[in-house]
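Please take a moment to look over the sequence and the structure before reading on. The paragraphs that follow go through a few places in turn.

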Amino acid sequence: MRRGIALAAAAIAAFLLASCASLPSSGGVNAGSPGSGDEALELDLQAPAPTDGASQEEILRGFINAATSPRSNYAVARQYLAPGFADEWQPGEGATVDRFADRDTIRIDDAHLQIDAVPAAELAANGQYQAALSQAPIQLDYRFVKVGDEWRISEAPAGVLMDESNFSRVYRTHTLYFYDRDFRFAVPDVRWFAGRESVQTSIVRALLAGPADWLDAGVVSAFPEGVQLDPDAVPIDGGVADVSLEGATADDELASQRMRFQLKESLASVPNVDDVQLSLDGTVQGGALTFSAVTDPVGDSRPVVYDGTVFGHLAATGDGIEPIPGLSDQVAALLPTAAAVAPDAQSAAVRSVEGDVYRVLPDEQPVRVDDRAGLIAPAIDAHGYLWTVPADSPRQLRATGPDGNAIAIAPPWTGDGIASMELSPDGTRLIALLDDGAASRFVAVAVARTADGAPQSLGSVQLVLAGDSGEAEDVSWLDQTTVVALSSTDGGSVIVSQVLGGLATRRDGPGGGVQLDATASPREYRVLTEDGDLETVSGVGWQVRASGLRFLGAQLAG
């Protein structure tokens with residue numbers, strides 16, 4: 001049995017070696033979603049060393065190919081570099097992910113080659129992934145010198161150039177965690193790191209450096225600014241990662257507990273790490289880890305629907321609607337056209353038949369909070385703020401608190417219109433589906449709040465997600481790291497699922513899809529069609545689960 005497993009592993013390794021050495025053509029960053037570090041195949045790719053008598057073009061191809069082998073700090077790739085430059089080259093400065101089929105090599109002079117690369121994405125030094133915002137080629141310069149009788153590279157850009165089909169083989173996703181300002185939720189921050197050798201050190205360094213640029217405004221870290229690894233490595237012994245920090249006080253037990261939890265959750269995807277030992281200025285933080293934060297908020301899995309008469313949760317059989325005590329009658333009395341329900345189902349944001357948005361509380365008279373024309377379906381957050389914006393004025397965003405005070409929120413986006421928006425369960429992030437006329441655009445931004453939870457502003461940096469042709473319809477949170485957008489096309493619809501800081505996948509939706517709910521499970525997208533049918537995924541197709549519905553409401557996990 002063991003012999004068979006060994007032979008299978010050898011065959012896989014041989015296949016990967018062949019794939020790596022031949023630099024396969026582009027397969028598309030959008031071809032599939034990334035797995036976790038545990039799901040990725042735990043084999044590092046290998047690349048051949050330079051051959052005698054290789055031309056400059058062959059040396060350049062070999063060097064780029066060798067970037068797929070990060071083992072021993074890119075030892076193979078450094079063999080393609082001149083001795084003086086080999087120690088200076090900094091592969092950890094990030095990556096340009098390009099489309100191999102569009103890559104063009106141009107000779108500038110006898111010792112200078114230039115690559116024009118069409119970017120698909122870029123990776124920052126801290127592992128932040130961003131899909132390319134422009135298709136304009138990037139010019140990368142490589143210079144050569146003779147070392148003895150052999151050509152070697154004497155100048156090259158920092159970082160690596162990586163074909164997109166190789167990217168997800170070489171880089172693996174790892175989820176770092178930060179906190180909302182109340183330290184109630186652990187907020188994920190997906191990063192990419194090459195290989196698996198010493199990846200735990202890369203993760204801790206990135207964690208200490210702080211959240212991704214786009215997320216920074218909405219989260220906090222338990223680690224004080226300026227804290228450093230000392231020594232600058234995280235060894236693993238017997239399944240325990242040993243993290244020693246300098247510059248953090250050891251006399252605050254709660255702060256220490258928060259650091260330990262943040263480290264443990266962030267290192268959970270590293271193979272062979274079962275626990276974390278934290279030392280602060282030489283003092284080991286012992287005792288049981290008693291602090292915890294919510295990493296996966298859970299909500300009601302039943303869809304919220306309205307059939308023109310009853311508002312509530314769709315029954316498991318799909319044959320009836322179960323009213324929400326205290327809310328359903330008040331919502332139905334408004335003849336609603338859209339609604340969002342808070343995590344505890346004790347409040348709702350409702351758009352009435354006249355187009356105004358109301359706050360609805362159990363057994364109380366609904367209160368109108370926004371009467372501007374053309375409001376899209378409202379959103380609600382766990383702090384009780386109702387978010388509203390007119391469809392044709394995407395920058396006129398408001399958040400209205402329980403006290404009735406409306407706060408103007410200036411978003412960083414531009415666009416002709418906005419179709420949909422939704423808050424994350426932890427309240428730290430907002431996703432929006434923007435409409436630019438011929439195409440839809442999907443963005444995520446951080447929500448900055450005051451100490452009492454009031455929205456203060458949105459982050460100045462937006463994470464631009466996958467766009468699509470077609471008419472923008474709806475967005476939904478799938479889980480804490482993944483968001484989903486729906487757009488309609490002639491006779492059909494398209495669903496785009498994207499990891500925040502990761503890859504996107506596309507699948508066809510049912511014909512006439514206009515609303516989306518992805519909160520039930522990763523495999524159970526629910527789409528409401530313009531004919532009032534609620535359809536769910538069944539095998540490779542779609543199946544009607546309920547009919548005669550007017551709208552599909554949003555509901556927040558908590």
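**A walk through the model**

In this predicted model, Ile380 stands opposite Leu386, a residue of β24. This facing pair is a good place to begin, since the strands around it can be followed outwards from here. Strand β23 and strand β24, the latter made of residues 386-388, pair with each other in the antiparallel sense over 2 bridges. Both strands belong to an open sheet of 4 strands, whose order is β23-β24-β25-β26 and whose pairing is antiparallel. At the edges of this sheet lie β23 (379-380) and β26 (406-409), each of which pairs on one side only.

We turn next to another part of the chain. According to the unreviewed UniProt entry, the feature "domain: GerMN" is placed at residues 200-289. Over residues 200-289 the chain is 27% helix and 21% strand, while the C-alpha atoms at the two ends are 20 Å apart.

Consider now a single residue, Asp213, which is found in the loop between α6 (199-209) and β11 (228-229). Is Asp213 buried or exposed? Its relative accessible area is 53%, and because a residue counts as exposed when this value is over 50%, Asp213 is exposed. Leaving aside residues up to four places away in sequence, Asp213 touches Gln128 and Val461. With Val461 it is useful to set the sequence beside the fold: Asp213 and Val461 are 248 residues apart in sequence, and yet from C-alpha to C-alpha they are 6.7 Å apart in space.

Conventions: Residues are numbered from 1 along each chain as its sequence is written. This is a predicted model: local features need pLDDT of at least 70, side-chain atom pairs count only at pLDDT 80 or more; totals for chains, interfaces and linings use all residues. Side-chain values use heavy atoms; hydrogens and water are left out. Buried means under 20% relative accessible area, exposed over 50%, partly exposed in between (1.4 Å probe, protein chains only). Contact means heavy atoms within 4.5 Å. Two strands pair if DSSP finds at least two bridges between them. UniProt positions are given in the numbering used here, feature names are shortened, and annotations may be inferred rather than shown by experiment.
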